[in-house]
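Biologist: I would love to walk through this model with you. Shall we take it one question at a time?

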Amino acid sequence: MFTLEAIKTLKKSGTVAPSSKFLVKKMTKPINDKDNIIVEFGTGNGVITEGILDKITDNSQILSFELNEAMYLDALETLPEDDRLQLLNESALEFDKFLKEQNIEKVDYFVSSLPLSLLKKADIHYLMNKVTGLLSYGGMFIQYQYSLGKRDLLKGYFPSVRLGFTPLNFPPAFIYYCTMIG
Ligand SMILES: C[S@@+](CC[C@H](N)C(=O)[O-])C[C@H]1O[C@@H](n2cnc3c(N)ncnc32)[C@H](O)[C@@H]1O
């Protein structure tokens, strides 16, 4: 289902296959064992969401945003019911509204699969301004991409951008680990 929908909506999904278990591991590796607020952008079929659920404490929370309704429904059906997880069929660009509704003031980890190379520049800036404003001290923005095209843009927002890579994904992926502490 994911692959069919991803191909049908390629200009928005930016991929043809869900992330591999190797990429999921790299995307979730920095998440520590404290009670965390995690915001995920681009749930897809929930493969990274499940990796996050496997790592986090009982009192952590995930708000996961997926714009595509078919993918959202697929994730809803696929992922186990879990009190820690809220799946939202909403745009990541407006994630802050949902945090505000729930009186959440800071986010410990943003875990993003958004295809930044396909988003409008203005939308990326709109999103990154909110992300940096809501990231907790010591928190991290984690993003994967299939190219290094947005590295400089991310460096403009974060004093520290560490790069990871896995060839064990289709396509091979770069992972950006971005923090406000240089
Ligand atoms: C590259 S796929 C990643 C899916 C999954 N997380 C994975 O790693 O396999 C990107 C996902 O972001 C979703 N997406 C694109 N723009 C979005 C937006 N503005 N808000 C929320 N989701 C969005 C797409 O529909 C797609 O499911």
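Biologist: In which loop is the place of Pro 171?

Modeller: Keep in mind that this is a predicted model. Phe 170 and Pro 171 are joined by a cis peptide bond, with omega at about -5°. As for its place, Pro 171 sits in the loop between strand 6 and strand 7 (173–179).

Biologist: Thanks! Which residues form a positive surface patch together with Arg 162?

Modeller: Arg 162 itself belongs to strand 6, which covers residues 160–166. Its partners in the positive surface patch are Lys 25, Lys 26, Lys 29 and Lys 55.

Biologist: Now the ligand: how much of its accessible area does the protein cover?

Modeller: There are 23 residues around the ligand, and those that come nearest include Ser 19 and Glu 66. Gly 42 has a polar backbone atom 2.8 Å from a ligand nitrogen, and a backbone N or O atom of Ala 92 likewise lies 2.8 Å from a nitrogen atom of the ligand. Tyr 144 uses its side chain, with a polar atom 2.9 Å from a ligand oxygen. On its own the ligand has 600 Å² of accessible area, and the share covered by the protein is 97%.

Biologist: Lovely. What is the phi value of Asn 103?

Modeller: Asn 103 is found in the loop that runs between helix 6 (95–101) and strand 4 (107–112). Its phi is positive, in a residue other than glycine, and lies near 55°.

Methods. Residues are numbered from 1 along each chain as its sequence is written. This is a predicted model: local features need pLDDT of at least 70, side-chain atom pairs count only at pLDDT 80 or more; totals for chains, interfaces and linings use all residues. Side-chain values use heavy atoms; hydrogens and water are left out. Patches are made of residues with over 30% relative accessible area and no salt bridge: like charges are joined within 9 Å, nonpolar side chains (Val, Leu, Ile, Met, Phe, Trp, Tyr) within 5 Å. Accessible areas come from the Shrake-Rupley method with a 1.4 Å probe; for residues, only the protein chains shown count as cover. A salt bridge is a side-chain nitrogen of Lys or Arg within 4 Å of a carboxyl oxygen of Asp or Glu. Lys and Arg count as positive and Asp and Glu as negative; His and the chain ends are not counted. The place of a charge is taken as NZ of Lys, CZ of Arg, CG of Asp or CD of Glu. Helices (H or I, at least four residues) and strands (E, at least two) are DSSP runs, numbered from the N terminus. A residue is near a molecule or strand if one of its heavy atoms lies within 4 Å of it. A polar contact is a pair of N or O atoms within 3.5 Å; within protein, one must be able to donate a hydrogen and the other to accept it, and residues adjacent in sequence count only if both atoms are side-chain atoms.
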